[in-house]
Amino acid sequence: QVQLVESGGGLVQPGGSLRLSCVASGSIVRVYVMGWYRQAPGKQRELVADISSSDFTNYADSVKGRFTISRDNAKNTVYLQMNSLKPEDTAVYYCNADLQRNLFKSRETYWGQGTQVTVSS
């Protein structure tokens with residue numbers, strides 16, 4: 001079994017910062033792309049940022065210059081440093097990983113359970 005467990009969400013004032021973490025655990029041979037998505041009430045889930053195993057990054061325009069994604073391949077962990085947070089960043093943030101469980105299986109996509117980020121004064 002593979003699990004993605006997020007941590008680091010919470011309540012923060014506008015302009016503040018939070019750091020999200022997500023650990024992929026279980027029987028894993030290789031992790032390819034890891035990323036963060038978010039879903040606000042009444043809206044579709046959207047990509048926030050993702051990062052390849054070679055550290056190529058991709059960001060949504062709305063978070064460029066404010067959020068930074070990084071990963072620790074040895075720990076199968078991805079981070080999202082969020083600075084200058086705005087009320088419109090309020091959402092449930094989900095971790096996503098594209099990985100291979102063993103050499104005989106194809107790549108599969110896994111999701112975490114989500115962590116709430118609320119930006120409010």
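Glu46 comes out as partly exposed in this predicted model, with a relative accessible area of 36%. The residue belongs to strand E5, which covers residues 46-51. Once neighbours within four places in sequence are set aside, the contacts of Glu46 are Trp36, Tyr37 and Arg38. Trp36 sits ten residues from Glu46 along the chain, and the two C-alpha atoms are 8.8 Å apart. With Arg38, the link goes beyond simple contact: the two side chains form a salt bridge, with N and O 2.8 Å apart. General chemistry fits here, since side chains of opposite charge can pair when their charged atoms come close. The two ends of this bridge are covered to unlike degrees, because Arg38 has 7% relative accessibility and counts as buried, whereas Glu46 at 36% counts as partly exposed.

Salt bridges turn up elsewhere too, and a search of the whole structure gives six. One of them pairs Lys64 with Asp61, the closest N and O atoms lying 3.1 Å apart. Asp61 has a relative accessible area of 66%, so this residue is classed as exposed. Another joins Glu108 to Arg101, with 2.8 Å between the closest N and O atoms. Here both partners are partly exposed, Glu108 at 24% relative accessibility and Arg101 with a relative accessible area of 22%. Back at Arg38 and Glu46, the pairing is part of a wider arrangement: salt bridges with shared partners tie these two residues to Arg66 and Asp89 in one network.

Not every acidic side chain has such a partner. Asp50, also in strand E5, is buried and has no salt bridge. For Asp50, the nearest side chain of opposite charge is that of Arg71, 8.8 Å away, and a salt bridge needs a nitrogen within 4 Å of a carboxyl oxygen. What does surround Asp50, leaving aside neighbours within four places in sequence, is a set of contacts made up of Val33, Met34, Gly35, Phe56, Thr57, Asn58 and Ile69.

Glu6 tells a similar story over in strand E1, residues 2-7. This residue is buried and again lacks a salt bridge, with Arg45 as the nearest side chain of opposite charge at 7.7 Å. The side chain of Glu6 does find backbone partners, though. One is the backbone nitrogen of Gln113, reached at 3.0 Å. The other backbone nitrogen to mention is that of Gly114, which lies 2.8 Å from a polar atom of the Glu6 side chain. Both Gln113 and Gly114 also appear among the residues that Glu6 touches, when those up to four places away in sequence are not counted. That list further includes Ser21, Cys22, Trp36, Tyr93, Tyr94 and Cys95, along with Gly112 and Thr115.

Two loop residues stand out for their backbone angles. Asp55 is not a glycine, yet has a positive phi of about 70°. Its place is the loop between E5 and strand E6, the latter spanning 57-59, and with 47% relative accessibility Asp55 counts as partly exposed. Asn76 is likewise not a glycine and has a positive phi, in this case of about 50°. The loop that holds Asn76 runs between strand E7 (67-72) and strand E8 (77-82). Asn76 is partly exposed as well, with a relative accessible area of 22%.

On the surface, Val29, Leu103 and Phe104 make up a nonpolar patch of about 400 Å². Val29 comes from the loop between strand E3 (18-26) and strand E4 (30-39). A residue needs over 30% relative accessible area to be part of a patch, and Val29, which is partly exposed, has 43%.

The last stop is Ser120, in the segment after strand E11 (115-119). This serine is partly exposed, with a relative accessible area of 38%. Beyond its neighbours within four places in sequence, Ser120 is in contact with Leu11, Val12, Gln13 and Pro14. Arg107, by comparison, is 13 residues from Ser120 in sequence, and their C-alpha atoms are 39 Å apart in space.

Notes: Residues numbered from 1 in each chain as written. Predicted model: local features only at pLDDT ≥ 70, side-chain atom pairs only at ≥ 80, totals over all residues. Heavy atoms only, no water. Patch = residues over 30% accessible without salt bridge, like charges linked within 9 Å, V, L, I, M, F, W, Y side chains within 5 Å. Areas by Shrake-Rupley, 256 points an atom, 1.4 Å probe, with all protein chains shown as cover. Helix = DSSP H or I, 4+ residues; strand = E, 2+ residues; numbered from the N terminus. Buried < 20%, exposed > 50% of the residue type's maximum accessible area, 1.4 Å probe, protein only. Lys, Arg positive; Asp, Glu negative; His and termini not counted. Polar contact = N/O pair within 3.5 Å; in protein donor to acceptor, adjacent residues only side chain to side chain. Contact = heavy atoms within 4.5 Å.
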